[in-house]
Amino acid sequence: MRVTLVASASEFTIEVSLQQTILEIKQIVEQLLGVPVTSQTLSVSGWELLDGLDLEDYPIVTEGTKIDLALKCTQPHLEVRSKILIVLELSSRKINIEVDHSTETVRSLKDKIHIIDGTPIKRMALSFSGREMDEDFRNLSEYGIGEFSEIAVFLKPMSRLVADPPSRRLGLVVQTSSSLLNGASIPLEMKDSSTVNELRQLLLVRKILPMDDYIFIHKQRIMRDNRSLRSYGVEDGDCLYVFKGTVSREGY
């Protein structure tokens, strides 16, 4: 399919596939414009597209979508490179992801993995060279992580005594887009075991939202109707974003 990249006052169209990663698209831009990958930020409707994901992970990107291309100003002669590529070994695939070697912590890496793969943060464990990275506040460099290091991602076993934690009440804020209710912020209380569809129905029944189709997003991840808020790692005080539209991609 074709998408349009918009940079400053100019724009150009490229042919892409759903299986291409955001990083591969940045590499195409680098070939066309000579702009280094590390100097590019791609976004749609204000949402940054992450290097470790592919277009299929973003149903809002369809034929003809305009993708904003922002260029960071850098000083190559003075800049010390801190970005590195690491390899994540997930249960079904391996992916490359770019991280900041000087600032990335175990916890911030877990947040990225949750966005990419949906792995629950509370059950997630990371391992490098046979050693579990069990201290979330540690910098990756403290575990010896460098360029192309391979980090295994796995789930901690659930306790036999506790099959499922009890439900908790969450105080949430549903934030609409500027084109929907003028960007209103809507406070709600729900159980973390509630599904996204139950959230949708609550907003419709209370007539907070007009009857229409909506997409809910948490931490840049599109939420599916049949999954619970807990499964997306939604915590008390979190903000969920709602946009008018549907997820109707063939095979998605």
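**Salt bridges and helix α3**

I will start inside one helix: Arg-107 and Asp-111 sit four residues apart in helix α2, residues 106-117, which puts about one helical turn between them. This is a predicted model. In general, an α-helix has 3.6 residues a turn, so residues three or four places apart point the same way. Here the two side chains form a salt bridge, and the closest N and O atoms of Arg-107 and Asp-111 are 3.2 Å apart. As for exposure, Arg-107 is partly exposed at 36% relative accessibility. Asp-111 is also partly exposed, with a relative accessible area of 24%.

Next, a bridge that leaves the helix. Asp-136 pairs with Lys-110 in a salt bridge, at 3.0 Å from N to O. Lys-110 belongs to helix α2, while Asp-136 lies in the loop between β9 (131-132) and β10 (150-155), so this pair ties together parts 26 residues apart in sequence. Is Lys-110 buried or exposed? Lys-110 has a relative accessible area of 6%, and since the cut-off for buried is under 20%, Lys-110 counts as buried. Its partner Asp-136 is partly exposed, at 30% relative accessibility.

Now the pair Arg-138 and Glu-135. Their side chains meet in a salt bridge, with 3.2 Å from N to O. Arg-138 has a relative accessible area of 28%, which makes it partly exposed. Glu-135 is partly exposed too, at 29% relative accessibility.

Then there is a network. Which residues does it join? Lys-122, Arg-168, Asp-192, Arg-230 and Glu-235 are linked into one network by salt bridges that share partners. For the whole model, the count of salt bridges comes to 17. The general point behind these pairs is that side chains of opposite charge can pair when their charged atoms come close.

Last, helix α3, which covers residues 196-205. What is buried there? The buried residues in helix α3 are Val-196, Leu-199, Arg-200, Leu-202, Leu-203 and Leu-204. Where do they pack? The buried residues of α3 pack against five strands, and I will list them with their ranges:

- β11, residues 169-176
- β12, residues 185-191
- β13, residues 214-218
- β14, residues 221-223
- β15, residues 239-244

One backbone detail to finish with: Lys-207, just after α3, has a positive phi of about 60 degrees.

Note on methods:
Residues are numbered from 1 along each chain as its sequence is written. This is a predicted model: local features need pLDDT of at least 70, side-chain atom pairs count only at pLDDT 80 or more; totals for chains, interfaces and linings use all residues. Side-chain values use heavy atoms; hydrogens and water are left out. A salt bridge is a side-chain nitrogen of Lys or Arg within 4 Å of a carboxyl oxygen of Asp or Glu. Helices (H or I, at least four residues) and strands (E, at least two) are DSSP runs, numbered from the N terminus. Buried means under 20% relative accessible area, exposed over 50%, partly exposed in between (1.4 Å probe, protein chains only). Contact means heavy atoms within 4.5 Å.
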